[in-house]
Amino acid sequence: MASTLSRTLFPCLLLILLATISSHEAYTVTAAHQVPNIGEATVDDLRLAFKQNKLTSRQVVGFYLGRIRRLNPVLNGVIEVNPDALYLADKADHERKAKAPVSFSRLHGIPVLVKDNIATKDKMNTTAGSFALLGSVVPRDTGVVAKLRKAGAIILGKASLSEWSGFRGRAPPGWSARGGQGVVSTSY
């Protein structure tokens with residue numbers, strides 16, 4: 001299960017990395033503690049900072065929300081942000097403080113983006129980048145989202161994609177009605 005979860009999480013974690021790439025900047029948590037390059041921190045780096053009380057999930061989520069606000073007008077990489085992201089971060093911080101069993105999970109309190117064609121049963125839309133599905137209600141989380149939530153990950157938002165995952169084929173790569181033209185990299 002761990003290897004299956006790792007294989008399904010890699011694309012999600014890659015999306016959050018792509019959505020947050022920018023200049024090398026430091027993020028000050030408090031005057032006493034600094035977490036350098038939080039945008040480049042690994043999951044293990046974040047977990048260690050959580051364990052040492054140098055960082056909270058709320059601070060990490062706030063950092064990434066700020067990055068999305070700054071970079072998304074240029075990159076068009078995020079279609080929608082989870083309106084409950086900060087609440088979920090506070091919940092993760094509370095669980096960690098209470099030493100709840102879920103707080104020992106490797107992804108507990110870690111924000112991730114999922115593509116907009118991956119169903120989430122929450123306040124976010126699942127549209128595959130199309131206005132045709134805006135406002136539709138999905139019956140449940142997809143399997144990967146259910147596993148992410150069970151592991152304590154915070155679904156930060158929906159990443160853009162080629163509309164209908166490029167199924168219609170006439171639009172340029174990275175374009176969707178909801179997200180506009182995203183910056184596309186051909187060097188994977």
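In what order do the elements of the protein chain run from the N terminus on? In this predicted model, the order is α-β-β-α-α-β-α-β-α-β-β-β. The protein chain thus contains five helices and seven strands. Of its 188 residues, 44% count as buried. Among contacts in the protein chain with a separation of 6 or more, 70% are accounted for by residues 24 or more positions apart.

Helices H3 and H4 were examined as a pair. Two packed helices are described by the angle between their axes and the distance between the axes. The axes of H3, residues 57–75, and H4, residues 85–97, come within 7 Å and cross at roughly 155°. Angles over 145 degrees count as roughly antiparallel, and H3 and H4 are therefore roughly antiparallel to each other. Their crossing is right-handed. On the H3 side, the contact is made by Ser57, Arg58, Val61, Gly62 and Leu65. H4 contributes Ala85, Leu86, Ala89, Asp90, Ala92, Asp93 and Arg96. The residues of this contact divide into six nonpolar, two polar and four charged.

The loop that leads into H4 holds aspartate 84, which is placed between strand S3 (78–81) and H4. Aspartate 84 counts as partly exposed, at 21% relative accessibility. Its side chain forms a polar contact of 3.1 Å with the side chain of lysine 123. Aspartate 84 and isoleucine 154 are 70 residues apart along the chain, and their C-alpha atoms are separated by 9.3 Å.

Two residues were considered in the loop between H4 and S4. One of them, lysine 99, lies in this loop and has a phi near 55°, a positive value in a residue other than glycine. Most residues other than glycine have a negative phi. Lysine 99 has a relative accessible area of 60% and is therefore exposed, the cut-off being over 50%. Arginine 106 lies in the loop between H4 and S4 as well, but is partly exposed, with a relative accessible area of 46%. Not counting residues up to four places away in sequence, arginine 106 touches Val43, Asp44 and Arg47. With aspartate 44, the side chain of arginine 106 makes a polar contact of 2.9 Å. Arginine 106 and arginine 47 are 59 residues apart in sequence, while the distance in space is 7.6 Å from C-alpha to C-alpha.

The loop between strand S4 (111–115) and helix H5 (143–150) includes threonine 127. Threonine 127 has a relative accessible area of 0% and is therefore buried, since buried means under 20%. A polar contact of 2.3 Å joins its side chain to that of aspartate 116. Once neighbours within four places in sequence are left aside, threonine 127 is in contact with Asp116, Leu133, Leu134 and Arg178. Alanine 128 is placed in the loop between S4 and H5 and counts as buried, at 9% relative accessibility. Phi of alanine 128 is near 55°, a positive value in a residue other than glycine.

Aspartate 141 also has its place in the loop between S4 and H5. A polar atom of the aspartate 141 side chain lies 2.5 Å from the backbone nitrogen of lysine 121. The side chain of aspartate 141 is further joined to that of arginine 149 by a polar contact of 2.7 Å. With neighbours within four places in sequence left aside, the contacts of aspartate 141 are Ala119, Thr120, Lys121, Ala146 and Arg149.

Towards the C-terminal strands, serine 162 was examined in the loop between strand S5 (154–159) and strand S6 (175–176). Serine 162 is partly exposed, with a relative accessible area of 22%. Serine 162 and glycine 179 are 17 residues apart in sequence, and their C-alpha atoms are 8.8 Å apart in space.

Notes: Residues numbered from 1 in each chain as written. Predicted model: local features only at pLDDT ≥ 70, side-chain atom pairs only at ≥ 80, totals over all residues. Heavy atoms only, no water. Helix = DSSP H or I, 4+ residues; strand = E, 2+ residues; numbered from the N terminus. Buried < 20%, exposed > 50% of the residue type's maximum accessible area, 1.4 Å probe, protein only. Polar contact = N/O pair within 3.5 Å; in protein donor to acceptor, adjacent residues only side chain to side chain. Contact = heavy atoms within 4.5 Å. Axes fitted to C-alpha atoms, helices over the stretch in contact; angles between N-to-C directions. Parallel < 35°, antiparallel > 145°, perpendicular 65-115°, else oblique. Left-handed = near helix turned anticlockwise from the far one by under 90°. Nonpolar A, V, L, I, M, F, W, Y, C, P; charged D, E, K, R; others polar.
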